[in-house]
Amino acid sequence: MNSDKHQDASEILSAFGKHLASVRKSHGWSQEKLALESGIARSYLSGVERGQRNIALVNICRLATTLEISTDELMKF
């Protein structure tokens, strides 16, 4: 994998993670609450928010449903 593509992926993961954290905080939720409500491990959510994990589409959909927003909104980062 070329380093430019790797950097692009890293930037995408980081941008999504920051957006997810922003949406979560705008709901007044802790990572723990989002984890409990969505059934996704808090440590996994933490990694996603830090841009260290490449979240699966099914988990993006699960988080959007839990946060009562559209998947489109969660993907606008």
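Contact is taken here to mean heavy atoms within 4.5 Å. The structure is a predicted model, in which local features need pLDDT of at least 70 and side-chain atom pairs count only at pLDDT 80 or more, whereas totals for chains, interfaces and linings use all residues. Residues are numbered from 1 along each chain as its sequence is written, and side-chain values use heavy atoms, with hydrogens and water left out.

In helix α2 (helices being DSSP runs of H or I of at least four residues, numbered from the N terminus), Ser38 touches Arg62, Leu63 and Thr66, residues up to four places away in sequence not being counted. Ser38 has a relative accessible area of 8% and is therefore buried (under 20% relative accessible area, against over 50% for exposed and in between for partly exposed, with a 1.4 Å probe and protein chains only). The side chain of Ser38 also reaches the backbone oxygen of Leu34, at 2.7 Å.

The contact of Ser38 forms part of the meeting of two helices, in which Leu34, Glu37 and Ser38 of α2 face Arg62, Leu63 and Thr66 of α4. By class, two nonpolar, two polar and two charged residues make up this contact (Ala, Val, Leu, Ile, Met, Phe, Trp, Tyr, Cys and Pro count as nonpolar, Asp, Glu, Lys and Arg as charged, and the others, Gly among them, as polar). The axes of α2 and α4, being lines fitted to C-alpha atoms over the stretch in contact, with angles from 0 to 180 degrees between N-to-C directions, come within 10 Å and cross at roughly 105°. The two helices are therefore roughly perpendicular (65 to 115 degrees).

The largest nonpolar core (buried Ala, Val, Leu, Ile, Met, Phe, Trp, Tyr and Cys residues joined through side-chain atoms within 4.5 Å) has 16 residues, and those with the most contacts inside it are Phe16, Leu20, Leu34, Leu45, Ile55, Leu63 and Leu74. Two or more residues are given to this core by each of α1 (3-26), α2 (31-38), α3 (42-49) and α4 (57-66). Leu20 touches Leu34, Leu45, Val48, Glu49, Leu63, Leu67 and Leu74, again without counting residues up to four places away in sequence.

Helix α3 is largely enclosed by the rest of the structure, because six of its eight residues are buried, namely Tyr44, Leu45, Ser46, Gly47, Val48 and Glu49. Just after α3, Gly51 takes a positive phi of about 75°. In helix α4, by contrast, Leu57 counts as exposed, at 60% relative accessibility. Leu57 lies 14 residues from Thr71 in sequence and 9.7 Å from it in space, C-alpha to C-alpha.

Notes. Angles under 35 degrees count as roughly parallel, over 145 as roughly antiparallel, 65 to 115 as roughly perpendicular and the rest as oblique. A polar contact is a pair of N or O atoms within 3.5 Å; within protein, one must be able to donate a hydrogen and the other to accept it, and residues adjacent in sequence count only if both atoms are side-chain atoms.
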